[in-house]
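Reader: I am a first-year student, and I would like to go through this structure step by step. Could you take my questions in turn and show the reasoning behind each answer?

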Amino acid sequence: LGTMALLNIPITIVTIMVSAFVFGLGIDYALVMLHFCVRDSRNSVFQTAHAAASVTVAALTTFAGLGAMVLANHPVLQSLGVTGLIGITSSYFCAVVIVPSLMRKK
């Protein structure tokens, strides 16, 4: 929502609903990465790269689905697509880059 404000994208009821959807996906991505980071810290087998690959595939499929809405002629669908793309991109970045780096600092 902060990125949307910086880009002057209006916050409407549709963008709030999509933000809740994307927030849930972001939590899912982060939990998958967190689970494998904790597991890797206990074992000598590192599977965080496999978890990152699965999160990447999940994010790309969602990105493609929401990206198709950006091409729509209807302004509400375009807004929904742009909001979803911003959210999925930031959720993916946080899950794949920030979560593992924070887990390594312990």
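Author: Let us begin with a term: pLDDT is the predictor's confidence in each residue, on a scale from 0 to 100. It belongs here because this is a predicted model.

Reader: Which element of the protein chain has the highest mean pLDDT?

Author: Across the protein chain the average pLDDT is 87, and 94% of the residues score at least 70. Among the elements, helix 1, which covers residues 2-6, has the lowest mean at 84, while the highest mean, 91, belongs to helix 3.

Reader: How many helices and how many strands does the protein chain have?

Author: Read from the N terminus on, the elements follow the order α-α-α-α. The C-alpha atoms of the chain fill a box of roughly 50 × 25 × 20 Å along the principal axes. The secondary structure therefore comes to four helices and zero strands.

Reader: Which helix supplies the largest share of the largest nonpolar core?

Author: As background, nonpolar side chains in soluble globular proteins tend to be buried together. Here the largest nonpolar core has 19 residues, and those touching the most other members are Tyr 29, Met 33, Leu 66, Leu 80 and Ile 88. Helix 2, helix 3 (48-70) and helix 4 (75-104) each supply at least two residues of this core. The largest share, eight residues, comes from helix 2.

Reader: Which residues does Leu 80 touch, not counting those up to four places away in sequence?

Author: Leu 80 is among the core residues that touch the most other members. Once residues up to four places away in sequence are set aside, its partners are Val 14, Val 18, Leu 66 and Met 69.

Reader: Is Ser 19 buried or exposed?

Author: Ser 19 has its place in helix 2, which spans residues 13-42, and a polar atom of its side chain lies 2.7 Å from the backbone oxygen of Thr 15. Leaving aside neighbours within four places in sequence, Ser 19 is in contact with Leu 1 and Thr 83. Its relative accessibility is 18%, and because the cut-off for burial is under 20%, Ser 19 counts as buried.

Reader: How many disulfides are there, and why do Cys 37 and Cys 94 not form one?

Author: A disulfide is a covalent bond between the sulfur atoms of two cysteines, and the rule asks for two such atoms within 2.5 Å. The sulfur of Cys 94 is 14 Å from the closest cysteine sulfur, that of Cys 37, which is too far for a bond. The count therefore comes to zero disulfides.

Reader: How do Cys 37 and Cys 94 count in terms of accessibility: as buried, partly exposed or exposed?

Author: Cys 37 has a relative accessibility of 10%, so Cys 37 counts as buried. For Cys 94 the relative accessibility is 36%, so Cys 94 counts as partly exposed.

Reader: Which residues does Thr 48 touch, not counting those up to four places away in sequence?

Author: Thr 48 lies in helix 3, and with a relative accessibility of 16% this threonine counts as buried. Beyond residues up to four places away in sequence, Thr 48 touches Met 33, Phe 36, Cys 37 and Asp 40.

Reader: What share of the area exposed by the protein chain do carbon and sulfur atoms supply?

Author: Of the 106 residues in the protein chain, buried residues make up 34%. The chain exposes about 6,600 Å², and the share supplied by carbon and sulfur atoms is 72%.

Conventions
Residues numbered from 1 in each chain as written. Predicted model: local features only at pLDDT ≥ 70, side-chain atom pairs only at ≥ 80, totals over all residues. Heavy atoms only, no water. Buried < 20%, exposed > 50% of the residue type's maximum accessible area, 1.4 Å probe, protein only. Polar contact = N/O pair within 3.5 Å; in protein donor to acceptor, adjacent residues only side chain to side chain. Contact = heavy atoms within 4.5 Å. Areas by Shrake-Rupley, 256 points an atom, 1.4 Å probe, with all protein chains shown as cover. Core = buried A, V, L, I, M, F, W, Y, C linked by side-chain atoms within 4.5 Å.
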